[in-house]
Amino acid sequence: MNEDSDPFRLHYVQDGQRCVHSFDTLEAALESARRKLRKRPELIVWISDAERHVLLDNAAIRQRLGP
């Protein structure tokens, strides 16, 4: 699938490299964030739209995912 067609993008920095994964739904991006944070709780994550406008920052994602 073309990355440009996916409206939601999960961003994070891991081992000094910026990583971006595209998803077709916000729920899918949040679930991926949940999995990443379960493995590496220290990660800083954020979700943007296709134009790279931040939709949810690290604090908002963690609040949505709960404890």
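# Exercises on the sheet, its helices and its core

Strands β1 and β2 pair in the antiparallel sense over 7 bridges. The model to which these exercises refer is a predicted one.

**Exercise 1. Establish how the strands are arranged in the sheet and which of them stand at the edges.**

*Step 1.* Begin with the pairings. Besides the ladder of 7 bridges between β1 and β2, 5 bridges join β1 to β3 in the antiparallel sense. A further antiparallel pairing, over 2 bridges, links β3 and β4.

*Step 2.* Place the strands in order. The 4 strands form an open sheet in the order β2-β1-β3-β4, with antiparallel pairing. The edge positions belong to β2 and β4, each of which pairs on one side only. On average, and with direction ignored, neighbouring strands are turned by 35° against each other.

*Step 3.* Add the first helix. α1 packs on this sheet and touches β1, β2, β3 and β4; its direction makes about 15° with that of β1.

*Step 4.* Fix the register with individual residues. Leu 10 has Ile 47 in β3 as its bridge partner, and Phe 8 stands opposite Asp 49 in the same strand, β3. Across the next pairing, Ser 48 stands opposite Val 54 in β4.

*Step 5.* Consider the surroundings of β3. Of its 5 residues, 4 are buried, so β3 is largely enclosed by the rest of the structure.

**Exercise 2. Determine which residues take a positive phi in the two hairpins.**

*Step 1.* Recall the background: most residues other than glycine have a negative phi.

*Step 2.* Examine the hairpin of β1 and β2. It has 2 residues between the strands, and Asp 15 takes a positive phi near 55° there. Asp 15 lies in the loop between β1 and β2. With 65% relative accessibility, Asp 15 counts as exposed, because the cut-off for that class is over 50%.

*Step 3.* Examine the hairpin of β3 and β4. Here 4 residues lie between the strands, and Arg 52 takes a positive phi near 70°. Arg 52 is not a glycine, and its relative accessible area of 58% makes it exposed.

*Step 4.* State the result. The residues sought are Asp 15 and Arg 52.

**Exercise 3. Describe the setting of Arg 9: is this residue buried or exposed, and which groups does its side chain reach?**

*Step 1.* Locate the residue. Arg 9 belongs to strand β1 and stands opposite Ser 22 in β2.

*Step 2.* Assign its accessibility. The relative accessible area of Arg 9 is 4%; since the limit for buried residues is under 20%, Arg 9 is buried.

*Step 3.* List the polar partners. The side chains of Arg 9 and Ser 22 are joined by a polar contact of 3.5 Å. The side chain of Arg 9 also reaches the backbone oxygen of Ala 50, at 3.4 Å.

*Step 4.* Combine the steps. Ser 22 is thus both the residue opposite Arg 9 and a polar partner of its side chain.

**Exercise 4. Identify the buried face of helix α2 and the elements against which it packs.**

*Step 1.* Sort the residues of α2 (residues 58-65). Its buried residues are Asn 58, Ile 61 and Leu 65. Viewed down the axis of α2, these residues fall within an arc of 65°, so they line one face of the helix. The other side carries the exposed residues Ala 59, Gln 63 and Arg 64.

*Step 2.* Find the packing partners. The buried residues of α2 pack against α1 (26-39), β3 (45-49) and β4 (54-56). The helix lies across β3 and β4, running at about 100° to β3.

*Step 3.* Note what follows the helix. Gly 66 comes after α2 and has a positive phi, near 75°.

**Exercise 5. Relate Ile 61 to the largest nonpolar core.**

*Step 1.* Describe the core. It has 15 residues, and those with the most contacts inside it are Leu 10, Val 45, Ile 47 and Ile 61. At least two residues come from each of β1 (8-14), β2 (17-23), α1, β3 and α2. The contribution of α1, 5 residues, is the most.

*Step 2.* Trace the contacts of Ile 61. With residues up to four places away in sequence left out, Ile 61 touches Leu 30, Ala 33, Leu 37, Val 45, Trp 46, Ile 47 and Leu 56.

*Step 3.* Connect core and sheet. Two of the most connected core residues, Leu 10 and Ile 47, are also bridge partners.

Note on methods. Residues are numbered from 1 along each chain as its sequence is written. This is a predicted model: local features need pLDDT of at least 70, side-chain atom pairs count only at pLDDT 80 or more; totals for chains, interfaces and linings use all residues. Side-chain values use heavy atoms; hydrogens and water are left out. Buried means under 20% relative accessible area, exposed over 50%, partly exposed in between (1.4 Å probe, protein chains only). The arc is that of the directions from the helix axis to the C-beta atoms. Contact means heavy atoms within 4.5 Å. A nonpolar core is a set of buried Ala, Val, Leu, Ile, Met, Phe, Trp, Tyr and Cys residues joined through side-chain atoms within 4.5 Å. A polar contact is a pair of N or O atoms within 3.5 Å; within protein, one must be able to donate a hydrogen and the other to accept it, and residues adjacent in sequence count only if both atoms are side-chain atoms. Two strands pair if DSSP finds at least two bridges between them. Axes are lines fitted to C-alpha atoms, for helices over the stretch in contact, and angles run from 0 to 180 degrees between N-to-C directions.
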